[in-house]
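Colleague: I'm new to this, so could you walk me through the model and tell me why things get the labels they do?

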Amino acid sequence: MDLKTASKEIKNNNPAAIYVCYGNEKYRIREFIDFATSQLIEPEHKDFALAQYDLAETPLETVIEEAEEIPFMVPRKVMIVRDSSVLTAGKDTKIEHRIDSLLRYMEHPAEYSIIIFWVQGEKLDERKKIVKALKSSSACILPFQPMGADELLQWLIRHAKKLECECSTTAAEALVQSAGTGLGILAAEMDKLCLHAGKGGVITVEDVQHLVARSTEQNVFALVEQIAAVRLEQALTIFYDLLKQREEPIKIAALIARQFRIMLQVKELAVQNYSQQQMASQLSLHPYVVKLAGEQARKFDSQKLRSILAHLGRLDYQMKTGAIDKVLGLEMFLLRLGA
């Protein structure tokens, strides 16, 4: 079952007895859990119907005993269970868990209890008997992996709509380019933009540029973008702004090298017919970062990218050994690149 279907079933008051949420998109997991609890529990029942456990502190059998116990004064209860070792390859805690208690419970789950496992890990440990049993049962297994580039933009547009604002795709793109791909940060920035626009307002690219501060990494990305477009004056302006923010030139050079390295890797993987999602997985990057790097990489051939990286390697050595002034060295690099 996918996330959309699971959400629809919950909305139709037909939830699964057990949910297993895992992946590195913690914001989306929290979003799903908040949605599920709001749909399945009446606000006035929350004190009696919602329980939270951490398997680093509580034995699994205690959670199962709670699930089997008839709820007090409420029709059903939801149990949120954090786990970092039972369903993953994480280190075992000092707590000993009786896995068989969950295996037995899965055969006849209580109709009045819903267990939501929030797994603190990127993936489940497929070698474990309990994971295999969950996957072959009626439990709902939900992976929360990074969204694709287009999906991320649509998520932002929907987030703005929830706040009764309108956000275009170009404005959403500008926001990602300024704030990065972290959903928590993006949501907070979108909240700020919607507060500025007011209910029924429209968020523009100009609003994003005026209200959202770029991180150092995003500034370096913008700097490389200006270099790729042969806009040397704009590239130098961003560089001098970074220096005014007291950013270390060696760090700036390292981030520039990282961006060019990603561009070369994406270019080489594209030749091997890797999809955007496969590239993201191979390079441990967000798909949106891969998309933008691919667009930048088209403006350079592979040999040019290797030459730039070799030059940056030499520059890094010269800067660290004092053979060249750090600011002057980076200025000369940018001037040569834009020539």
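Modeller: Sure, let's begin with Thr58: leaving aside neighbours within four places in sequence, Thr58 is in contact with Tyr53, Val63, Ile95 and His97. Contact means heavy atoms within 4.5 Å. This is a predicted model, where local features need pLDDT of at least 70, side-chain atom pairs count only at pLDDT 80 or more, and totals for chains, interfaces and linings use all residues. Residues are numbered from 1 along each chain as its sequence is written, and side-chain values use heavy atoms, with hydrogens and water left out.

Colleague: Why is Thr58 called buried?

Modeller: Buried means under 20% relative accessible area, exposed over 50%, and partly exposed in between (1.4 Å probe, protein chains only). Thr58 has 15%, so Thr58 counts as buried.

Colleague: And what makes Arg246 exposed?

Modeller: Arg246 has 79% relative accessibility, so the exposed label fits. Met73 is exposed too, because its relative accessible area is 58%.

Colleague: What is the sign of phi in Met73?

Modeller: Positive: phi is near 70° there, and Met73 isn't a glycine. Arg246, also not a glycine, has a positive phi of about 65°. Most residues other than glycine have a negative phi.

Colleague: What makes a set of residues a nonpolar core?

Modeller: The set must be buried Ala, Val, Leu, Ile, Met, Phe, Trp, Tyr and Cys residues joined through side-chain atoms within 4.5 Å. The largest one here has 40 residues, and Leu223, Phe260 and Met263 are among those with the most contacts inside it.
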